[in-house]
Amino acid sequence: MSSPLVISNLRKTFGGLVATNDVSFSVAQGESLALIGPNGAGKTTIFSQIMGELRQTAGTITLFGNEISKLSTPARIREGVSRTYQVPRPFGEMTVAENIRVGLMPDNIWHMITRSGNADRELELALSVGFSEDDLKRTPSELSMGDLRKLEMARTMATGPRVMLLDEVFAGLTVGEIAQIAALIQQMRKDGMTFLIVSHDLKALEPLVDRAIAIEQGTHIAEGPFAQVMADDAVRASYLGAA
Ligand SMILES: Nc1ncnc2c1ncn2[C@@H]1O[C@H](COP(=O)(O)OP(=O)(O)OP(=O)(O)O)[C@@H](O)[C@H]1O
Ligand SMILES: [Mg+2]
């Protein structure tokens, strides 16, 4: 079987800035891979290129053997990849249930507002990330950061992904909320999901991943078991340099 996700010589420049410097890596079936690096290293830019929200300057992205690098974002989602955002992006005027519905019906975003969705599936997704049934009626302005991150997870899961990209899933959360999201990721790993996870909370991240890749200033600098990558001299220097 082809690798769920293969990134080859991915390059992204913004004027003179090289945000992704010919980065290559792959994620195996059922694997959970950490993507680490200091602020501005280029982690989110890699996610945006995988999703087609930013077009790469050069290089390719392959999902289960199919090159997706030139597809639209909705087409990539249909191929089985989806992401969460570092800054949660709910539709502010919609309830939790409606936000999840957008993930369930990505091609029918306006159509769906006038129709009822699949209420059972919305509830199932909401419960699976730790919402209560009452939370379905809430709007994003009523939610804590932990709830907003749960909603990001539910919307991403609603698209039926085979590969999930999680960007800073723990940022702004309490210890209890981190434990909830971590338990959800662990459950999904058991169920066979493939993950690429970005987090500055390295302590929370370590038990959730099989392997890590470190980047600095857009360049791949280390790869291997998490502890080995964290002990790498170049990785340590990159974090100290950013401090
Ligand atoms: N749309 C853009 N236009 C110009 N420069 C950008 C754009 N998006 C990102 N950059 C730059 O690319 C580099 C990588 O940014 P990116 O957001 O990918 O880093 P990151 O590793 O996700 O950082 P953080 O940990 O702070 O989220 C930074 O120097 C950033 O300023
Ligand atoms: Mg980022």
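Donors here are N, O and S atoms within 2.8 Å of the metal, and because water is not among the atoms, a site may look incomplete. With that in mind, welcome to this predicted model, in which the magnesium ion (ligand 2) has T44 (OG1) and Q86 (OE1) as its protein donors. The two donors come from distant parts of the chain, 42 residues apart. Around them is a protein with 9 helices and 10 strands.

**The magnesium site**

- T44 and Q86 lie 2.0 to 2.3 Å from the magnesium ion.
- T44 belongs to helix α1, which covers residues 43-51, while Q86 sits in the loop between β6 (81-83) and α3 (96-104).
- How exposed is T44? T44 is partly exposed, and its relative accessible area is 28%.
- Q86 is also partly exposed, at a relative accessible area of 33%, a value that falls between the 20% limit for buried and the 50% limit for exposed.

**Helix α1**

- This helix supplies T44 to the metal site, and 8 of its 9 residues are buried, so α1 is largely enclosed by the rest of the structure.
- The buried set consists of K43, T45, I46, F47, S48, Q49, I50 and M51.
- After the helix comes G52, with a positive phi near 80 degrees.
- S48, a residue of α1, is buried with a relative accessible area of 9%.
- Which residues does S48 touch, if neighbours within four places in sequence are left aside? Its contacts are E53, L54 and R83.

**I61 in strand β4**

- I61 is placed in β4, the strand of residues 58-63, and counts as buried because its relative accessibility is 0%.
- Beyond neighbours within four places in sequence, I61 is in contact with a list of residues that includes L5, V6, I7 and L10.
- Two residues of α1 that are buried, Q49 and I50, are also among the contacts of I61.
- Other partners of I61 include Q56, N66, E67, I68, S69 and R76.
- If you would like a distance to check, the C-alpha atoms of I61 and R121 are 31 Å apart, with these positions 60 residues apart along the chain.

**Positive phi outside glycine**

- F64 has a positive phi near 45 degrees although it is a residue other than glycine.
- F64 is found in the loop between β4 and β5 (66-67), and is buried with a relative accessible area of 11%.
- E168 is another non-glycine residue with a positive phi, here near 50 degrees.
- The loop that holds E168 runs between β7 (163-167) and α6 (175-190).
- Is E168 buried or exposed? At 4% relative accessibility, E168 counts as buried.

**The overall fold**

- The count of secondary structure elements is 9 helices and 10 strands. The radius of gyration is 18 Å, close to the 18 Å from the globule rule for 243 residues, so the protein is as compact as a globular protein of that length.
- The C-alpha trace spans about 50 × 40 × 35 Å along its principal axes.
- Of the 243 residues, 49% are buried.
- Among contacts with a separation of 6 or more, 63% are between residues 24 or more positions apart.

**Surface and charge**

- About 11000 Å² of the protein is exposed, and 52% of that comes from carbon and sulfur atoms.
- The side chains include 23 positive and 28 negative ones, and the centres of these two sets lie 4 Å apart.

Conventions: Residues are numbered from 1 along each chain as its sequence is written. Chains are lettered from A and ligands numbered from 1 in the order in which they are written. This is a predicted model: local features need pLDDT of at least 70, side-chain atom pairs count only at pLDDT 80 or more; totals for chains, interfaces and linings use all residues. Side-chain values use heavy atoms; hydrogens and water are left out. Helices (H or I, at least four residues) and strands (E, at least two) are DSSP runs, numbered from the N terminus. The radius of gyration is taken over C-alpha atoms; the globule rule is 2.2 Å times the number of residues to the power 0.38. Buried means under 20% relative accessible area, exposed over 50%, partly exposed in between (1.4 Å probe, protein chains only). Contact means heavy atoms within 4.5 Å. Accessible areas come from the Shrake-Rupley method with a 1.4 Å probe; for residues, only the protein chains shown count as cover. Lys and Arg count as positive and Asp and Glu as negative; His and the chain ends are not counted. The place of a charge is taken as NZ of Lys, CZ of Arg, CG of Asp or CD of Glu. Donors are N, O and S atoms within 2.8 Å of the metal (3.2 Å for Na, K and Ca); water is not among the atoms, so sites may look incomplete.
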